[in-house]
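Work through the exercises below with the model open beside you. Try each task before you read its solution.

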Amino acid sequence: MTAILEKLKERILLFDGGMGSLLQANGLKPGELPETWNVTHSDLIVKLHREYLEAGADMIKTNTFGANGLKYNKDKEFDLEQIVTAAMKNAREAVDTAAYTPGRSKGAIALDIGPTGKLLKPLGDLDFEDAYELFSQVVRIGEREGADLILIETMSDSYEAKAAVLAAKENSSLPVFVTMIFDDKGKLLTGGNVESTVALLEGLGVDALGINCGLGPVQMKGILKDIMKVVSLPVIVNPNAGLPRSEGGKTVYDIDADEFARVMKEIVETGACIIGGCCGTTPEHIEKMAALCKDLPVRLPERKNRTVISSYAQAVVIDLDPVIIGERINPTGKAKFKQALKDHNLEYILKEGVLQQDNGAHVLDVNVGLPEIDEPAMMVEVVKELQSIIDLPLQIDTSNMTAMERAMRIYNGKPLINSVNGKKEVMEAIFPLVKRYGGVVVALALDEDGIPETAEGRIAVSKKIYDTAAGYGIGKEDIIIDALCMTVSSDNKGAITTLETVRRVRDELQGKTILGVSNISFGLPQREIVNAAFFTMALQNGLSAAIINPNSEAMMRSYYSFRVLADLDPQCSNYISIYSGNVAVLGEVKRQAGDQKAAGVSGTDLSLGESIKKGLKDRAYAAVSELLENREPLTIINEEMIPALNEVGKGFEKGTVFLPQLLMSAEAAKAAFEVIKEKLAQSGAEEKKKGTVILATVKGDIHDIGKNIVKVLLENYSYEVLDLGKDVPPETIVKTAIERNVKLVGLSALMTTTVPSMEETIRQLRIQAPFAKVMVGGAVLTKEYAMTIGADQYCRDAMASVNYAEDIFEVK
C-alpha cells in the first residue's frame, strides 16, 4: 500500500483547489488552453502548486485536466508528451521547494485526468477502447514521471469513467481515485445515480471515490449523505466555491473562504475523509479549510457487504426482496431465438429484452451461445445494444471465457456473471476476471466430483468456493450460490435437496442463492403449474434471485403474492396496482384488460410511436413504411412521431427516462424520418423545417457531448441545425448568424476557463446580430450565471433546448 493510503488511516487528507480559475486571474485568455501554460508559464504553475502546498494541501493535482491525444498531438503546437512531462516537472519542483510546517511530510502529486469531451459508442462516436487508449497514454507518461496517485475527475458518464479506471489500473501500479460530477438531483449526465456509480467503481477496485465540480459544498451535502449509505471506500469531496456568476467580465463564486471551510467541516463530519476544492477555490480556501478540518477524526466507511449489481442507470440489491432475472434471451429450447442469432436479427433479441422489462424483470440474462456463430463477437454486440435501450442490469451467461471477458470489459456497470463452480480450473479462470472488472458471480454448488446428491455436499462445495474467492480478494457478498435445481421427473428428491440447500446457505452461511426455476419441471406436462409451486416454496426457503420467464403470468403471480405475504409489499400497493381489475387466467401473459404492453412488444405489429419510445430502429423503419401506404407523411410526423418524442422527452425531464434511452428514441425517429424523406422526395415535396439553429462549443473548449445531444433532438423535432463544431471562435458564430439570419444560437462550454469565450461570443452577437436569441448550457453554468453573461436562456439539458426552440419559433 502506498504512503498516501497509509496516511489516510490516520487523518483527513486535503487536496488543493482550482487551477483554471487561478490561471484566468493571472491572464489566461478566453479560449487559451490551460495545459499549455505548463510549458509557456511554468514558473507560475510551480508558484500556484507551491501556494496550495503551503496552505496545507497534502496532494496537488497536475495541470493536466484537459490533456489527451485529441487536444495535444503531433499536429498541434505541443504534443501530449510535452504537456504531461512539463506538468509533472512543475508539480515535482513545487513539492520539492515548498516550505512545510514542522512535522509535515512532502506533498503528493495526483496525475489529474479529466473527460475526453466525447460521448462513447453506441450513443456517441468514441469507441470504448479508443477512450481507454487516450487515458492510457496520459497514465503511462504520468507514472513514468513520478506521479504518486491518479485522480480521475469531473466524470459525468460512468462508461467513460470505467474506461479511465481500467486505463489507470492496467497501465500503472498507482492508487486510483475517482470523482464524478452529479447534478443537484444526484444524477450523472448519462443517467447514473449515486448507488449505480458506487457499485461500478467499487467493483472496479478503485481506492477512493466521490464527487467534485458542478456544485458548491452546500449543494453537495445531500449527495454525500446518499453516498455514505452505500459506500465501503474512502470518500472524496472537492466542491466548487459555491455557484458561479459573472461580474465585470470575470467569473466569481458565492462562497468565500471562511464559509467554504465551515461547510467542509460539516462534510467531514458527515463522512468524507479526503477533501479539497474545485472551480473558484484558492489557496485561501484550502488554508481556512485545513485550519478547521485537518485535525478532525478520520471516519473511514464501514464495509457494507451489499450484494449489488448495476447498469449505467440503476443498481439492483440482492437481499431479502427476491430478484427476478428474465430468462428469455437464451437459445436453449427456443427455435425462433436460435434462428434470430443465426440471422443476426438483433431486433428480435431487443424486443425480447423490452418485453421482459415491461413484465417485471429486474435483471436480464444474456446467453447467445450457438456453435454456428462467433459467440464472443455476438455477446459484445448484444450487450451493447441492450444497454443502449434498456436500463436493467444484465447477467452475462456463457461458458466461453473469451466471450465472458470481452462482455465484462465493455459492460456499462457491475454485471451478474453466470457462472463459476467448485472446480479448481474454473475458479482460476473466472475469479481473476471478477476481480479485474467487477461483478457478482453465480457459483454452482458442484465440483470435480460432480453434483452432490445431498444438501450437505452442496454446502461443502459452497464453502470451498467462498474460501477460494476470498483468496482473490472477492468477498462473500459478490458470490451467489446456485443450489442446483434438478428435475423431479428423474429425481424425486431433487426439489427437497435443492430447497434444503437454499435454506442452509441463508441460515448457516449467511449467503445469497439463485435458481434456474424452470429446470424443476423438465419432462412434465403443464410445466408452469409445477414451476409456480416450486418457485413459491423456494422463495419461502430464502431464495434471493430466480431465473424465470417474467412473461409467464403464473410465475409472476407467485412472485407478487409472495411479496404480499412476506411483508415485502407495504399496504399491498404493488400487488393492487398490477392485479386490480385483472381478467387473465392462469398461463396468460396479458395481465389487465386494456394492457397492450405484453401483446404489442412481442409481435411485429408494434406501432411506430411505441417503436420510437422503445428505441427500436428497425421496427420504426418498418412501421413507418407500412403507415405510408395509407397516410400522408406530414400526418405521420405530427400524429405519430412528435407525440412519441414528446412523451420520451417528458419522461427525461421527470427522471424516468435516461439519456441513452432518449438518444436511442431519437435514433429510431431518425430512421423513420429517412423513410419519410424518401417519400417526400419521390412526390416532389420537401419536409418543412420549423427554423434554423446554430450550435457551437465555444473557443478553447473541445467538449462537445452536450452540443451533439442537443443537435440530435433538434433535428428530430424538424429543425435545421448548423453545427459549427467545437473550439469555435466568436467571429465564426457571429458571421454565420448574420449570413443565414439565424434566430437562435446555442452555445456550450464545460470548463470554467472557457466561459469567458462564451461571454465574448454573446457580446459580439448582441452588437452585430441582435436579432439572434442565445441559449447556453454546460456543466459549469447555472441559470444565474447564464444571465450574468448575457444569455437569453439557460438550458440544463437537451430537452430544455428543444422546448426553448419551440417557444422562439412559436411552434404550437
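**Exercise 1.** Does Lys294 count as buried, partly exposed or exposed?

*Solution.* Start with the source. This is a predicted model, where local features need pLDDT of at least 70, side-chain atom pairs count only at pLDDT 80 or more, and totals for chains, interfaces and linings use all residues. Residues are numbered from 1 along each chain as its sequence is written, and side-chain values use heavy atoms, leaving out hydrogens and water.

Next, the cut-offs: buried is under 20% relative accessible area, exposed is over 50%, and partly exposed lies in between (1.4 Å probe, protein chains only). Lys294 has 39% relative accessibility, so Lys294 counts as partly exposed.

**Exercise 2.** Place Lys294 in the fold and list its contacts.

*Solution.* Helices (H or I, at least four residues) and strands (E, at least two) are DSSP runs, numbered from the N terminus. Lys294 sits in the loop between helix H11 (283-293) and strand E11 (308-310). Now look for contacts, meaning heavy atoms within 4.5 Å. Neighbours within four places in sequence aside, Lys294 is in contact with Ile12 and Met289. Leu13 is 281 residues from Lys294 in sequence, yet their C-alpha atoms are 7.3 Å apart.

**Exercise 3.** Which residues does Thr697 touch, not counting those up to four places away in sequence?

*Solution.* First find Thr697 in strand E21 (residues 692-697). Its relative accessible area is 0%, so Thr697 is buried. Then list the residues touched: His703, Asp704, Lys707, Gly725, Lys726, Asp727, Val728 and Ser748.

**Exercise 4.** Describe the buried side of helix H15 and what covers it.

*Solution.* Helix H15 spans residues 401-410. Its buried residues are Ala403, Met404, Ala407, Met408, Arg409 and Ile410. The cover includes helices H6 (128-144), H7 (158-170), H14 (375-389) and H16 (424-437), along with strands E15 (394-397) and E16 (416-421).

**Exercise 5.** How many helices and strands does the protein have, and what share of its residues is buried?

*Solution.* Count the elements: 31 helices and 25 strands. Then take burial: 60% of the 812 residues count as buried. Now check the overall form. The radius of gyration is taken over C-alpha atoms, and the globule rule is 2.2 Å times the number of residues to the power 0.38. A compact globule of 812 residues would have a radius near 28 Å, and the protein has 28 Å, so the two agree. Last, the box: the C-alpha atoms fill roughly 80 × 80 × 50 Å along the principal axes.
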